[in-house]
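Please open the structure in your viewer and keep the selection panel at hand. The stops below say what to select next and what is to be found there.

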Amino acid sequence: MSEATKEDFNTEKTPDDSQDAHLVLASELLPTRLPILPIRPRPLFPGFPIPLEVGLEQVALVQHAMEYASKTLGIVLVRDPNGSDIPENMHRVGVAAKILKAFQGEGEAPGILINSVERFTVGDIKKAEFGMVADVKYPEPARLEINEELKAYAMAVITTLKDLVKLNPLQSEAIKMFLSRSTFDDPGRLADFAANLTTANGAELQEVLETFDVPARIERVLVLLKREVEISKLHVEINKQIQEKISGQQREFFLKEQLKAIKKELGLEKEGKTTEIEKFQERLKELKLNEEAKKVVDDEMDKFQLLEPHSPEYAVSRNYLDWLTALPWGKFSKDSYDVNKARKILDRDHYGLEDVKDRILEFIAVGKLKGDISGSILCLVGPPGVGKTSVGRSIADALGRNFFRFSLGGMRDEAEIKGHRRTYIGALPGKFLQAMKTVGTSNPLIMLDEIDKIGASFQGDPASALLEVLDPEQNYAFRDHYLDVPFDLSNVLFIATGNQLDTIPRPLLDRMEIIRLSGYIAEEKLEIAKRYLIPKALESNGLKENQIGIRKDALKLIIEDYAREAGVRNLENLIKKIARKSVMTIVRGPSGKIVISKNEVESYLGKPVFTADEMFENIPGVVTGLAWTNMGGATLQIEATAVNSRNKGFKQTGQLGAVMVESADIAYSYVMAHLEQYGAQPDFFDKRFVHIHVPAGATPKDGPSAGITMATALISMILQKPVRKRLAMTGELTLTGQVLPIGGVKEKVIAARRTGCKFLIFPESNKKDYAELPDYLKKDLTVFYASRYADVYKHAFNIRTS
C-alpha cells in the first residue's frame, strides 16, 4: 500500500462549472481525500453535531486534520468491534465531519466536537504516518420529488417519534426541537435523525447509512422506530411493575409502623422483650419449681430485663428462660391402675406373650396397691420383631401416661443424655429433658430403644451417664448440663428394649428388671397374621377384604417354609409382598376376589427358604443341637467325620467362638477317654484325623451348650450309627461326663417346635425351667433329662435298659 503525502489533502470539492455560479466559502468545501477516524460501536449520521473522544493513538490524525482550513475527518464504522484499525476492517460508507472544537476529555484522552456533514463512499484506503487516509466519493446532489407516498412515510416517522416522546423522556427535548424546525421537504434528514435516536445495533444503523435512496432509507428507519416504540413500551411496563412492587412494600412498611405506634399509644402492644417477660411470668404461674430452680429463674429474669435485644447475651438468656419455663415442673397426668382395662388393651394389641402380659399386670397391680409406680425401670429383651416397642406403647396406653420414645443405638456422646453446657453455641438440654418438654408432664413413659447397642467414644460414655438417669436414688434430682438445676425424674416410668443382655454394662443392667420376650411359635404366628398383619398389609396397599384372601394352609406354609424367625417382621414383609403382587393383578384388568392357597404361595414368594426335613438328615455323625442367639432360639446341625492318617488330630470349623472351641475339645477328650464304654475300639483315634464342623460357616457361633451335641456327633460317627429321628439336644459337658444346665430354655423349645422336633434332651438341672413353660409350648414334645453323658447316650441312640 502506497504512503499518502501532504499534497494529497489539497484536493477539494468545487462547484460544477455547469451549475449556477455562487459564492462558496473555502471552509465549506469537502476534500475528496480524508484522514479516516475509525469508530465503535455505531456509525454517525450527517447533519448532527456530536462530541467525540479520541484515543491517544488517534491524536496525531486529529491534529493533522486540524492543520487544514477545512478541518474535515472521515468517520467510518469498523466491521468487527474487536478487530484492529486496519483498512480491511473498515465499512465502505462513512460520513465527513468538520472539527468544530477540540477539548480535554476524561482522563488523558482529548475530545473533539464535530459536525457530521455528508455521506461518502470509501475508495482506496492508504496508510499514513498519522493513521489511515482514503479517497472518498460524495453522492451527486439530486432533486428529490416529494410524492404522496414519501410524505406518508415522513408523517408515519413523525407520528412514531411523537409516540416515542411519550414513552422515553430522555429523548423528548431533542425530538421536540427537531420536529419544531423540520418540514416534509427533507425526508432524508428526518430519516437520519430518527435512526440516530434508536437503540438498534451498529450493523442495522450502518445499513441505513449505506442506503442512499431516500424512500428506501426512510422505510428502513420506520421499521427500526416501530421496534423502538415496542421496546420502550416494554421498558415502561417493567418499570411500572417494579415501581408498584416497591411502592406496595413501602406502603405496607409505613402502615405497619403506624399501626405499631398506634397500638403502643393505646397500650395494645408492647416491646418484644416486655412480651417475652410476660410470657415467662405467665408460664411460671402454672409451675411448681423447687427452691433452687426458683432462685435461678428469678436471678435470670432480673438479668434478662437489663439486657438490650441487640446484645449477644440476650438470645442466650432468652433461650435459657424459655427452657426453664417450658418444662413441666409439678405437672402430672393421672395414672390408671385398672387391671381389667390394662388386660383388654394388652390383648387388643398383642396375641400370645401370656407370661409377659401377666408380669405387666402384676406390675400395674402393685402400683394400684402402693399408689404409684415410681422408681420402676423395666427392660424388655428379645429377638427382633417380637413386639418390644409396641408392648411399651400398650403399657403407656393402659396406664394413661404420655409416651415418648427415642433410640440409644449408636449413641456415643454423653451430651445426648446430659445436654451441652450453655457456653457452647447452639447448646441444648439432653434427650430426657427434651422428652419432658414434649410430653408436658412429669410422669410420662419413656422408652429407651436399643439399649444394648449404646456406644462409647472420646466424647464420653453415654452408658455411664444413663446410670444417674435410671437410678431411683439419684434421678429425683437429675442435673442436666444445660439447665444446671435439679429436675425430678423419679416419677418417670422407664422401659428399655434390647436384643441381648451381654452388651449392656453390668452397672446399668443391675438397675433394671428384665422381662424376656422369647418369640412366637407357628400357631401364634398364624393368629398374629390373621388378626394384625393381613389387615395392616391390606390397608397399607389400598386393598379391601373382598378383593384378596389368604387361606389358612397358605399361611402355615409361609410360616414353616419362609419365615421361621422368632419374630414376625419377616412374616409381615412376606404378606406385604403378596399384597403388592395382588395389586398388580387387580390393576391390569378386572378380576374377582384373589384367593391365595397353599399351591399358589410359590408363585408369589418364590422357592421355599426352608424345607421340612432339612435339619434332620438321619445319617451317622450328624446331630441337631439347640442354640440361643440375640435373634432368638435356633437349631444347628453338628457334623463329625474322621479321615485315616498316620497321626491322630482334631480340628473344628464353622467360625466357632473361643468357648465353643473349648466345648469341642472337651467333647473330643471325653469321647476318646470312654471309647470302650460306648462300644468303640479303644485305638480308633490313634490313626485318624477327626473334624467337627458346624454349618452356616459365615455366621459366628459361641457358647458352651453344644458340648453334649458334639460328643454325640463323635460317637455317632465312630459307631456309624445315626441318632433317633427328630431329636435335638442342648447341654454343657464336662471332662468327667457331667451335663451342666444351660440358659434360654424357652427360646430353644420355641426353635425346636418351629423346626418340627419331637424329642428333646435337656440337662437335669433345667427340669424346673421346662416345667414353668406354658402347656401349649410343651404339647406333643417328649423331653429327656440327663445329669451325666451316659443318660444322653441312652436317649440319643434309643437304647433300652432291662
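A residue counts as buried when its relative accessible area is under 20%. The model is a predicted one, and the tour begins with a strand to which that cut-off applies.

**The sheet, starting from β9**

Select β9, where 5 of the 5 residues are buried, under 20% relative accessible area, so the strand is largely enclosed by the rest of the structure. Colouring its two faces separately shows that both are covered, with Leu445, Met447 and Asp449 buried on one side and Ile446 and Leu448 buried on the other.

Now widen the selection to the strands around it, which form an open sheet of 5 strands in the order β8-β9-β12-β7-β13, paired in the parallel sense. At the edges are β8 (403-407) and β13 (513-516), each of which pairs on one side only. From one strand to the next, the twist averages 20°.

The pairings can be followed across the sheet. Strands β8 and β9 run parallel and are joined by 5 bridges, and within this pairing Phe404 has Ile446 in β9 as its bridge partner. Between β9 and β12, which also run parallel, there are 4 bridges, and here Leu448 has Ala496 in β12 as its bridge partner. Further along, β7 (residues 377-381) pairs with β13 in the parallel sense over 4 bridges, where the bridge partner of Cys379 in β13 is Ile514. Add helix α12 (residues 388-399) to the view: this helix packs on the sheet and touches β7, β8, β9 (445-449) and β12, and its direction makes about 175° with that of β9.

**Thr497, within β12**

Next select Thr497, which has its place in strand β12. Is this residue buried or exposed? Thr497 is buried, with a relative accessible area of 2%. If residues up to four places away in sequence are left aside, the contacts of Thr497 are with Leu380, Lys388, Met447, Leu448, Asp449, Glu450, Ile451 and Asp452.

**Helix α15**

Move on to helix α15 (residues 462-469), of which 6 of the 8 residues are buried, so that the helix is largely enclosed by the rest of the structure. The buried residues to highlight in α15 are Pro462, Ala463, Ala465, Leu466, Glu468 and Val469. To see what covers them, display α13 (415-418), α14 (431-439), β10 (478-479), β12 (493-498) and α16 (506-510), against which the buried residues of α15 pack.

**Helices α17 and α18**

Select helix α17 (residues 522-540) together with helix α18 (residues 552-561), which pack at an angle of about 120° with their axes 10 Å apart. The crossing of α17 past α18 is right-handed. On the α17 side, Ala522, Lys525, Leu526, Ala529, Lys530 and Ile534 take part in the contact, and they meet Lys552, Leu555, Lys556 and Ile559 in α18. By residue class, this contact of α17 with α18 comprises 6 nonpolar, no polar and 4 charged residues.

**Met301 and helix α9**

Now select Met301 in helix α8 (residues 291-306), a residue that counts as buried at 7% relative accessibility. Which residues does Met301 touch, not counting those up to four places away in sequence? They are Ile277, Phe280, Gln281 and Leu321. A distance label between Met301 and Leu321 should read 7.6 Å from C-alpha to C-alpha, although the two are 20 residues apart in sequence.

Leu321 leads on to helix α9, where the buried residues are Tyr314, Ser317, Tyr320, Leu321, Asp322, Trp323, Leu324 and Thr325. Helix α9 (residues 312-326) has 15 residues and reaches 22 Å from its first C-alpha to its last, close to the 21 Å expected at 1.5 Å a residue.

**Backbone details in three loops**

Most residues other than glycine have a negative phi, and most peptide bonds are trans. With that in mind, go to the loop between β1 (33-39) and β2 (49-53), where Pro41 lies; the peptide bond joining Arg40 and Pro41 is cis, with omega about -5°.

Then select Lys71, in the loop between α1 (59-66) and β3 (72-77). Lys71 has a positive phi of about 45° although it is not a glycine, and at 33% relative accessibility Lys71 counts as partly exposed.

The last stop is Asp780, in the loop between α25 (775-778) and β24 (782-786). The phi of Asp780 is near 65°, again a positive value in a residue other than glycine, and Asp780 is exposed, with a relative accessible area of 56%.

Conventions:
Residues numbered from 1 in each chain as written. Predicted model: local features only at pLDDT ≥ 70, side-chain atom pairs only at ≥ 80, totals over all residues. Heavy atoms only, no water. Buried < 20%, exposed > 50% of the residue type's maximum accessible area, 1.4 Å probe, protein only. Contact = heavy atoms within 4.5 Å. Pairing = 2+ DSSP bridges. Axes fitted to C-alpha atoms, helices over the stretch in contact; angles between N-to-C directions. Expected span 1.5 Å × (residues − 1). Left-handed = near helix turned anticlockwise from the far one by under 90°. Nonpolar A, V, L, I, M, F, W, Y, C, P; charged D, E, K, R; others polar.
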